[in-house]
Amino acid sequence: MSPSNPKVRKTKVYRQDNDVELFLGLFESRLMKLEHIAALYFNDRKNPEEAAKKRVQKLKREKSIGELPQPPRHPSILFLDRKGFDDLQIKKKEELSRYPTLHWESFVKRRHVKESSRTHEFKVM
């Protein structure tokens, strides 16, 4: 159990096949909502929304995926965080070679999307 919060258990999150594909999708799109992740990466499950929600919770806990602050009752806006970025750099090196070299600091700047652009990008997605 975590020393700061005795009710939170530290469990290792084992990498699943579609995790790295999800990281690549977040790398390419910069931001996604949970509904997009469910449709793109969990559509083969009996309940894609629930499967995506549970997996994203684990990935957020281990800091592979982050979430932008949102007002209550607004859908989560998710982004690729440092651990996911690092895993992607290792496991998808060949696929990432088609993009300009992007270091973590540059990627953090790239993932900041204006509200007006965000709305458009989510409609297109």
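Modeller: Two strands pair if DSSP finds at least two bridges between them, a strand being a DSSP run (E) of at least two residues and a helix one (H or I) of at least four, both numbered from the N terminus. We're looking at a predicted model, where local features need pLDDT of at least 70, side-chain atom pairs count only at pLDDT 80 or more, and totals for chains, interfaces and linings use all residues. Residues are numbered from 1 along each chain as its sequence is written, and side-chain values use heavy atoms, leaving out hydrogens and water.

Biologist: How do you know that E2 and E3 pair?

Modeller: Three bridges join E2 to E3 (residues 77–80), and the rule asks for at least two, so they pair. The two strands run antiparallel, with Gly66 opposite Phe79 of E3.

Biologist: What makes E1 and E2 edge strands?

Modeller: The open sheet has three strands in the order E1-E3-E2, with antiparallel pairing. E1 (32–33) and E2 (65–67) each have a single partner strand, so one side of each is left without a neighbour in the sheet.

Biologist: Why are H2 and H3 called roughly perpendicular?

Modeller: The axes of H2 (residues 34–41) and H3 (residues 48–61) come within 8 Å and cross at roughly 110°. Roughly perpendicular covers 65 to 115 degrees, so that label fits H2 and H3. Their crossing is right-handed, meaning the near helix is turned clockwise from the far one by less than a right angle.

Biologist: Which residues make that contact?

Modeller: From H2 come Leu34, Ile37 and Ala38, and from H3 come Pro48, Glu49, Ala52, Lys53 and Val56, where contact means heavy atoms within 4.5 Å. Six of the contact residues are nonpolar, none polar and two charged, with Ala, Val, Leu, Ile, Met, Phe, Trp, Tyr, Cys and Pro counted as nonpolar, Asp, Glu, Lys and Arg as charged, and the others, Gly among them, as polar.

Biologist: And what makes H1 roughly perpendicular to H4?

Modeller: H1 (residues 17–29) and H4 (residues 82–91) have axes that come within 9 Å and cross at roughly 105°, which makes the two roughly perpendicular. Val20, Phe23, Leu24 and Phe27 of H1 meet Gly84, Phe85, Asp87, Leu88 and Lys91 of H4. That contact has six nonpolar residues, one polar and two charged.

Biologist: Why is the Trp104–Phe107 pair called tilted?

Modeller: Rings pair if their centres lie within 6.5 Å, and planes under 30 degrees apart are stacked, over 60 edge-to-face and the rest tilted. Here the centres are 6.0 Å apart and the planes at 35°, so the pair is tilted. Both residues lie in H6 (residues 104–110), three residues apart, about one turn of the helix. By that rule there are five aromatic pairs.

Methods: Axes are lines fitted to C-alpha atoms, for helices over the stretch in contact, and angles run from 0 to 180 degrees between N-to-C directions. Angles under 35 degrees count as roughly parallel, over 145 as roughly antiparallel, 65 to 115 as roughly perpendicular and the rest as oblique.
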